Each structure stands twice: as C-alpha cells, then as structure tokens.
Amino acid sequence: QAPGCHGARLLADAEQTERILLVEQWSSVQRHEDHVASLVEAGLMDQVMAFAAEPPRSEYFASTGPES
C-alpha cells in the first residue's frame with residue numbers, strides 16, 4: 001500500500017461493464033499526486049493506458065459526514 005493511501009475500491013458500471021471507477025482514500029491530495037507521479041515515472045501508467053479507452057481522470061472530494 002502506498003504511503004498516505006487509506007484504501008481503495010474498484011467498481012464496475014452495472015450497465016457498461018467496460019467502464020470502471022477506482023475510489024481511493026488518501027490523507028491528502030499531495031500524497032495522491034506524488035503517487036501518480038511515481039506510477040508515471042515507473043512506466044506503469046503506460047501499461048494502464050494500453051487497456052484504457054481514455055486517460056484516467058482524477059477528481060477530489062471531501063467527506064461530508066461520519067465515516068461508515
């Protein structure tokens with residue numbers, strides 16, 4: 001597990017199974033950005049892109065309530 005990552009879930013679209021959503025929980029945006037940069041530097045994003053129809057997109061959200 002990457003430093004700062006508190007967990008991840010991989011979800012598939014119920015109707016378009018080729019679409020996936022990776023939900024990750026990070027201690028900070030910077031930790032996530034550092035992790036993505038390390039994946040790019042190691043060439044791992046190129047491997048992901050070999051299977052992807054479009055580039056991955058990152059969006060950041062804040063918790064609005066108690067953790068469940």
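Buried means under 20% relative accessible area, exposed means over 50%, and partly exposed lies in between. Asp13 has 24% relative accessibility, so Asp13 counts as partly exposed. Keep these cut-offs in mind for what follows. The model is predicted.

**The chain as a whole**

The protein chain has two helices and two strands. Read from the N terminus, the order is β-β-α-α. The C-alpha atoms fill a box of roughly 35 × 35 × 20 Å along the principal axes. How much of the chain is buried? Of the 68 residues, 9% are buried.

**Salt bridges**

Side chains of opposite charge can pair when their charged atoms come close. How many salt bridges does the structure hold? There are two. The table lists them.

| Salt bridge | Closest N to O |
|---|---|
| Arg19 and Asp13 | 3.4 Å |
| Glu59 and Arg57 | 2.8 Å |

Now look at the partners. Arg19 has a relative accessible area of 47%, so Arg19 is partly exposed. Its partner Asp13 is partly exposed too, at 24%. In the other bridge, Glu59 is partly exposed, with 44% relative accessibility. Is Arg57 buried or exposed? Arg57 is exposed, because its relative accessible area of 67% is over the 50% cut-off.

**Strand β1 and its surface**

Arg9 lies in strand β1. Its relative accessible area is 55%, so Arg9 is exposed. Arg9 and Gln25 stand 16 residues apart in sequence, and their C-alpha atoms are 9.0 Å apart in space.

Leu10 also lies in strand β1. Leu10 is exposed, with a relative accessible area of 60%. Which residues form a nonpolar patch with Leu10 on the surface? They are Ile20 and Leu22. Together the three have about 340 Å² of accessible area.

**The largest pocket**

Rolling a probe the size of a water molecule over the atoms shows where empty space is left. The largest pocket has a volume of about 1800 Å³. Its lining counts 38 residues. Leu21, Leu22, Val23, Arg57 and Ser58 lie nearest the centre. Four elements give two or more residues to this lining: β1 (5–12), β2 (20–26), α1 (29–41) and α2 (44–49). Which element gives the largest share? That is β2, with seven residues.

What kinds of residue line the pocket? The lining divides into 22 nonpolar, seven polar and nine charged residues.

Two residues link the topics above. Leu22 belongs to the nonpolar patch and lies among the residues nearest the pocket centre. Arg57 is in a salt bridge with Glu59 and is also one of the residues nearest that centre.

Technical notes. Residues numbered from 1 in each chain as written. Predicted model: local features only at pLDDT ≥ 70, side-chain atom pairs only at ≥ 80, totals over all residues. Heavy atoms only, no water. 1 Å grid on protein atoms, 1.4 Å probe; cavity = no way out; pocket = protein on both sides within 12 Å on 5 of 7 lines; lining within 4 Å. Points joined across faces, edges and corners; volume = space filled by probe spheres on them. Nonpolar A, V, L, I, M, F, W, Y, C, P; charged D, E, K, R; others polar. Patch = residues over 30% accessible without salt bridge, like charges linked within 9 Å, V, L, I, M, F, W, Y side chains within 5 Å. Areas by Shrake-Rupley, 256 points an atom, 1.4 Å probe, with all protein chains shown as cover. Salt bridge = Lys/Arg side-chain N within 4 Å of Asp/Glu carboxyl O. Buried < 20%, exposed > 50% of the residue type's maximum accessible area, 1.4 Å probe, protein only.
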